[in-house]
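Subject: Structure handover

Hello,

Here is the structure you asked about. My notes follow below it.

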Amino acid sequence: MLNLIAVFIGGGLGSLCRYGLSLCLPNSSFPLATLLANVFACFILGFLTGYLLKNSLTEHWKLLLGTGFCGGFSTFSTFSKEVLELTQDSLTITAAGHLVMSLVLGILAVYLGLLLANYRA
């Protein structure tokens, strides 16, 4: 039961942060809020993974931060919808840029998070 509560709290906090990020950024044809949310979540998850290689956290914290917060903060479904909408609006180059940047920056962010966690551990 505590695991479910941890995921619930983490997911709620992640969703609130995602919404807050979207409020802080100006509207444009490029979905910057989604890109940033996904890259930040990748970095956090990479750091958490690297940290856990050398340190210990309880299962509740792992679920709250990894599954809950990162799951609520990142937004693959929104990313997918935005790529499709950009394509339908004949913004194919913008859609391709969003797709490529999300993948490359996401993987790079996980890697940097792992490096930082291992450096600090």
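How many helices and how many strands are there in the chain? The chain has five helices and zero strands, and its pattern along the sequence reads α-α-α-α-α. Please keep in mind that this is a predicted model.

Overall picture

The chain has 121 residues, of which 31% count as buried. Its C-alpha trace spans about 50 × 30 × 20 Å along the principal axes. If you take the contacts between residues at least 6 apart in sequence, 76% of them join residues at least 24 apart.

Helices α1 and α3

Helix α1 runs over residues 2–24, and helix α3 covers residues 59–73. The axes of these two helices come within 6 Å of each other and cross at roughly 35°. The crossing is right-handed. Sorted by class, the residues in the contact of α1 with α3 are eleven nonpolar, nine polar and two charged.

F8 is placed in α1. With a relative accessible area of 66%, F8 is exposed, because the cut-off for that class is over 50%. The C-alpha atoms of F8 and G72 are 9.3 Å apart in space, although 64 residues separate the two in sequence.

The annotated binding site

The UniProt record, an unreviewed entry, has a "binding site" annotation that covers G71 and S74. G71 is in helix α3, while S74 lies in the loop between α3 and α4, the latter being residues 76–88. Are these two buried or exposed? Neither label fits: G71 is partly exposed at a relative accessible area of 46%, and S74 is partly exposed at 26%. Both values fall in the intermediate class because buried means under 20% and exposed means over 50%.

Which residues does S74 touch, leaving aside those up to four places away in sequence? They are A37, N38 and A41. In addition, a polar atom of the S74 side chain lies 2.7 Å from the backbone oxygen of C70.

The annotated transmembrane regions

From the same kind of record comes the feature "transmembrane region" (unreviewed entry), which UniProt places at residues 32–53, 60–79 and 99–119. In the model, residues 32–53 are 100% helix and 0% strand, and the end C-alpha atoms of that span lie 32 Å apart. Residues 60–79 are 90% helix and 0% strand, with end C-alpha atoms 28 Å apart.

L32 is in helix α2, which covers residues 32–54. L32 counts as partly exposed, at 35% relative accessibility. L32 and L21 are eleven residues apart along the chain, and their C-alpha atoms are separated by 9.6 Å.

Helix α5 and the loop before it

Helix α5 covers residues 92–120, and S90 lies in the loop between α4 and α5. S90 has a phi near 65°, which is a positive value in a residue other than glycine. At 63% relative accessibility S90 counts as exposed.

Two residues of α5 are worth listing here: H98 and L108. H98 has a relative accessible area of 0% and is buried, since the cut-off for buried is under 20%. What does H98 touch, not counting residues up to four places away in sequence? The residues are F30, P31, T34, L35, F79, E82, V83 and L86.

L108 is partly exposed, with a relative accessible area of 42%. In space, L108 and F43 are 8.1 Å apart, C-alpha to C-alpha, and in sequence they are 65 residues apart.

In brief

The chain is made of five helices with zero strands. The annotated binding site residues G71 and S74 are partly exposed, at 46% and 26%. H98 is buried, whereas F8 and S90 are exposed.

Regards

Conventions:
Residues are numbered from 1 along each chain as its sequence is written. This is a predicted model: local features need pLDDT of at least 70, side-chain atom pairs count only at pLDDT 80 or more; totals for chains, interfaces and linings use all residues. Side-chain values use heavy atoms; hydrogens and water are left out. Helices (H or I, at least four residues) and strands (E, at least two) are DSSP runs, numbered from the N terminus. Buried means under 20% relative accessible area, exposed over 50%, partly exposed in between (1.4 Å probe, protein chains only). Axes are lines fitted to C-alpha atoms, for helices over the stretch in contact, and angles run from 0 to 180 degrees between N-to-C directions. A crossing is left-handed if the near helix is turned anticlockwise from the far one by less than a right angle, and right-handed if clockwise. Ala, Val, Leu, Ile, Met, Phe, Trp, Tyr, Cys and Pro count as nonpolar, Asp, Glu, Lys and Arg as charged, and the others, Gly among them, as polar. UniProt positions are given in the numbering used here, feature names are shortened, and annotations may be inferred rather than shown by experiment. Contact means heavy atoms within 4.5 Å. A polar contact is a pair of N or O atoms within 3.5 Å; within protein, one must be able to donate a hydrogen and the other to accept it, and residues adjacent in sequence count only if both atoms are side-chain atoms.
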